[in-house]
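This report goes through one structure, beginning with helix packing and ending with backbone geometry. The sequence and coordinates come first.

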Amino acid sequence: MTRRTVAGAWLVLLLAVLVSLRLHAQVGYDRLLDAAKEPRNWLLYSGGYFSNRYSQLTQITPANTKNLELSWMYQAAVAGAWQTTPLVVDGIMYLTQRPNDVVALDAKTGRVFWIYRHPPAVDQIVCCGANNRGLAILGDTLYMGTLDAHLVAIHAKSGRPLWKTKVAEAKAGYSLTLAPLAVKDKIIVGVGGGEYGIRGFVAAYDARSGNEVWRFYTIPAPGEPGGDSWKACPATSTAFCDPDAWKHGGGSVWVTGSYDPNLNLTYWGVGNAGPDWNNEQRPGDNLYTDSVVALDADTGRLKWHYQFTPNDRYDYDSVQVPVLADIVWRGAPLKAMIWANRNGNFYVLERETGRFLVGKPFVKVNWMDTFDERGRPHQTSQPPGMPTWPGNQGGTNWYSPSYSPHTGLFYIPAWEGYATIFGGTAVQYQEGRNFGGGVNRPFVPVPGAPAVPGTRRGPINNWTEAAASGAVLALDAASGELKWKFAMTDVTDSGILTTASDLLFTGGREGYFQALDARTGTLLWKTNLGAQIVSGPITYEAAGKQYVATIAGLSLCVFSLRD
Amino acid sequence: MAAQIPGAAHPGEYAPADIAYGARLYDAQCTTCHGANGDGVGGVDLRSGKFRTAVTDQDLVRVITNGIQGTGMLAFKLDTAEMTGVVAYLRNMNTFDRGSMTPGDAARGRITFEGKGGCLRCHRVGAQGALVAPDLSDIGAIRSPASLQRSLTDPTSQMMPINRPVRAVTRDGTVINGRRLNEDTYTVQLLDDQERLVALTKADLREYTILTTSPMPAQKNMPPGELADLLAYLLSLKGR
């Protein structure tokens, strides 16, 4: 063995050690920043800080989707909409399951390493079931928000809790259902509870200690910037008006935000105002409900905001995932934020300043008709008893969209032909009690006909296309122009995944999991998983093999190409 | 994320047949305490349209279903049609003209239904009749009186979308007509006109049409008395 070959052997050994160290290394902030460069892993809720739910993996292609087959399944025990997005780190999958468990399993076989169970609290109050949408990872630690409004840090190898921090008061209706976002040395979360008169906020916690570092209230107090958007009650009003409306103004934050490291801004979608449907008792625009807020990641200070639905009376939460994309807009590069809102409009905002560039309906919209130059909608409230499009659950909702830098298209799960007859009633705030204030009726074609169920369904679609139908819409990211549409008979709550081989994966309430050509919308492959899909698919690689994972009903189903 | 509130208030849109049906139920079950004029309980005037513990129709449903603890207000177990009727009546007690009550005699209605009406040629009640049209065994519990009345004279207006007739033509030209039972993006399940359960894959079809017109003949020339009897019979069908 010559000196050169000995040196070469040492180098190979060193590289092997480095690679193996890398495989078992912690998920530092540097890895989160460059998550796109290690597509074998799925390190954040939406795949990366830009929240594109897009992967560089290309082993599965439009040509070979016909060879997809089920690799393994994992079954949960607690029924209900399983909304989580798993994380995958170096061959280990981490996911949450109802009510507040964390499971670590082998991403190749589905066999479980450990389960952490956060005990349900007796005083927790949630509007819509024991939902949890996933985890954040930083270093060797996983972070989960809980239904009783705590943030829990869990050791990724042992499954043991490291600390638990109380984020808010559970008995007042606060809860955490989103996947936290890890930025630098902080874990950022928001609170749910928009149906209980909470005062919403986004807060950052020190990843090591669990101590709160900053908090941004989505409802400003009187005297603070935006506080005057909660107007004083008129002296002569005959309708009930709440002089303390801001104290229980809602503004929940229950879907994970995004982050632009160059601007050091973190973006969060804010939920509905409270009470949901009676806007008369809270005059004013009601900032920052139904808005996106851009916060300094170090301090939580508000850099800008844009409000999609001022003085909302439709429950048009703006809790969609903020999708960040560097696009070409009118011939010039643009740092954009693209957004398909529950209120039925597609938006392009300039993400450094929040400047409004495009607003355009992607489904039928009749609660507004035009935008002014600053993007304020001109509202066209429908007469009592008349339907409003989109209906209460929106033209889309919290379901993850996808942006493919390869096609330049923005893909959204949409509800079409869906309307509600809205009505508000006065409601007095009482801690922990429902604060909806609504007398809404679904708009159905025949009196007494079934309406689209809000969150779940059985195996028979008896509301049919007459009440609403679903679609994947592919929009030009710069203009919102519809490029193609994949129509579904039933509505869809499924998120969307795209890959660099121009594949699109999505599910729906019917229980089909399907692969489409991301350029054309052509169906390439489908399988019937037998229960509704209400989460966003992911893809990852383990031992050289690409997998695609989705959840249908109680089953986590993982697919790969036949050997 | 707030879920839809089902079956909420619908001010000013109560159908006469619902109100009439509700009046009958009120007379049978409520007058003992509340009296014929709705003022039998001290401090409660049902005709005023203002209720101490209920603002919306949903509130009324809740109070009737659960009762009010610590008072004489009992819990009542009513099916959907009955509840629709009682709420409609409570909302219209002040103006309701008892002379307009629609349902007639159920026994006479049954004779018409099984006899000259020819309803069993398509519909089924219990073990009798055909499967081509929807089974009516519990129709009096699941549809409101107003809807049943209109379904006799204007069937298309009351046809549930899931029951819409479908017509499919397969690649080889076979025509399949039937009543839809279920449908998704790729398939449709139906009961065909030979009373067979059929599942079709849309990709295998040359043509697939969902019709929005009901095949049921409208009873436009039936005397009002017979219609009222038929309605009464349909309302008596509560399933088992």
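## Helix H1 of chain B and its partners

In this predicted model, the crossing of H1(B) past H7(B) is right-handed. Helix H7 of chain B covers residues 145-153, and its axis is 6 Å from that of H1(B), at an angle of about 130°. An angle over 115 but not over 145 degrees falls outside the parallel, antiparallel and perpendicular classes, and H1(B) and H7(B) are therefore oblique to each other. On the H1(B) side the contact is made by Pro16(B), Ala17(B), Asp18(B), Ala20(B) and Tyr21(B), and on the H7(B) side by Pro145(B), Ala146(B) and Gln149(B). By class, these residues are six nonpolar, one polar and one charged.

H1(B), residues 16-29, also packs against helix H4 of chain B, residues 80-92; the two axes come within 7 Å and cross at roughly 95°. Because angles of 65 to 115 degrees count as roughly perpendicular, H1(B) and H4(B) are assigned to that class. H1(B) contributes Asp18(B), Ile19(B), Tyr21(B), Gly22(B), Ala23(B), Leu25(B) and Tyr26(B) to this contact. From H4(B) come Glu82(B), Thr84(B), Gly85(B), Val86(B), Ala88(B), Tyr89(B) and Asn92(B). The class count for H1(B) with H4(B) is eight nonpolar, four polar and two charged residues. Asp18(B) and Tyr21(B) of H1(B) appear in the contact with H4(B) and again in the contact with H7(B).

## Chain B overall

Chain B contains nine helices and seven strands. Its C-alpha atoms fill a box of roughly 75 × 50 × 30 Å along the principal axes. Of the 240 residues in chain B, 34% are buried. When contacts between residues at least 6 apart in sequence are taken, 64% of them join residues at least 24 apart.

## Domains of chain B

The assignment splits chain B into three parts: domain 1 (16-100), domain 2 (106-155 + 218-236) and domain 3 (161-210). Domain 2 is thus written as two segments, 106-155 and 218-236.

How far apart are the centres of domain 2 and domain 3 of chain B? Taken over C-alpha atoms, the separation is 26 Å. Their contact involves four residues of domain 2 and five residues of domain 3. The domain 2 side of this contact has four nonpolar, no polar and no charged residues.

## Contact between chains A and B

Between the chains, 34 residues of chain A are in contact with 23 residues of chain B. On the chain A side, the elements that give two or more residues are strand E28 (441-442) and helix H3 (464-467). That side of chain A is made up of 14 nonpolar, 13 polar and seven charged residues.

## Backbone geometry in chain A

Most residues other than glycine have a negative phi, and most peptide bonds are trans. Two peptide bonds and two residues in loops of chain A depart from this. Leu287(A) and Tyr288(A) are joined by a cis peptide bond with omega about -5°, and Tyr288(A) is in the loop between strand E16 (265-269) and strand E17 (291-296). A cis bond also links Trp389(A) to Pro390(A), with omega about -10°. Pro390(A) is located in the loop between strand E24 (377-379) and strand E25 (402-404).

Asp315(A), which is not a glycine, has a positive phi of about 65°. Its loop runs between strand E18 (302-307) and strand E19 (323-329) of chain A. Arg330(A), also not a glycine, has a positive phi of about 50° and is placed in the loop between E19 and strand E20 (332-340). Is each of these residues buried or exposed? Asp315(A) counts as buried because 32 C-beta neighbours lie inside 10 Å, whereas Arg330(A), with 8 such neighbours, counts as exposed.

## Thr353 of chain A

Thr353(A) sits in the loop between strand E21 (345-350) and strand E22 (356-361) of chain A. With 13 other C-beta atoms within 10 Å, Thr353(A) is partly exposed. Thr353(A) and Leu287(A) are 66 residues apart along the chain, and their C-alpha atoms are separated by 17 Å. Leu287(A) is one of the residues joined by the cis bond to Tyr288(A).

Definitions and conventions: Residues numbered from 1 in each chain as written. Chains lettered and ligands numbered in written order. Predicted model: local features only at pLDDT ≥ 70, side-chain atom pairs only at ≥ 80, totals over all residues. Contact = placed C-beta atoms within 7 Å. Helix = DSSP H or I, 4+ residues; strand = E, 2+ residues; numbered from the N terminus. Nonpolar A, V, L, I, M, F, W, Y, C, P; charged D, E, K, R; others polar. Axes fitted to C-alpha atoms, helices over the stretch in contact; angles between N-to-C directions. Parallel < 35°, antiparallel > 145°, perpendicular 65-115°, else oblique. Domains from an automatic or database assignment. Buried ≥ 20, exposed ≤ 12 C-beta atoms within 10 Å, placed from the backbone. Left-handed = near helix turned anticlockwise from the far one by under 90°.
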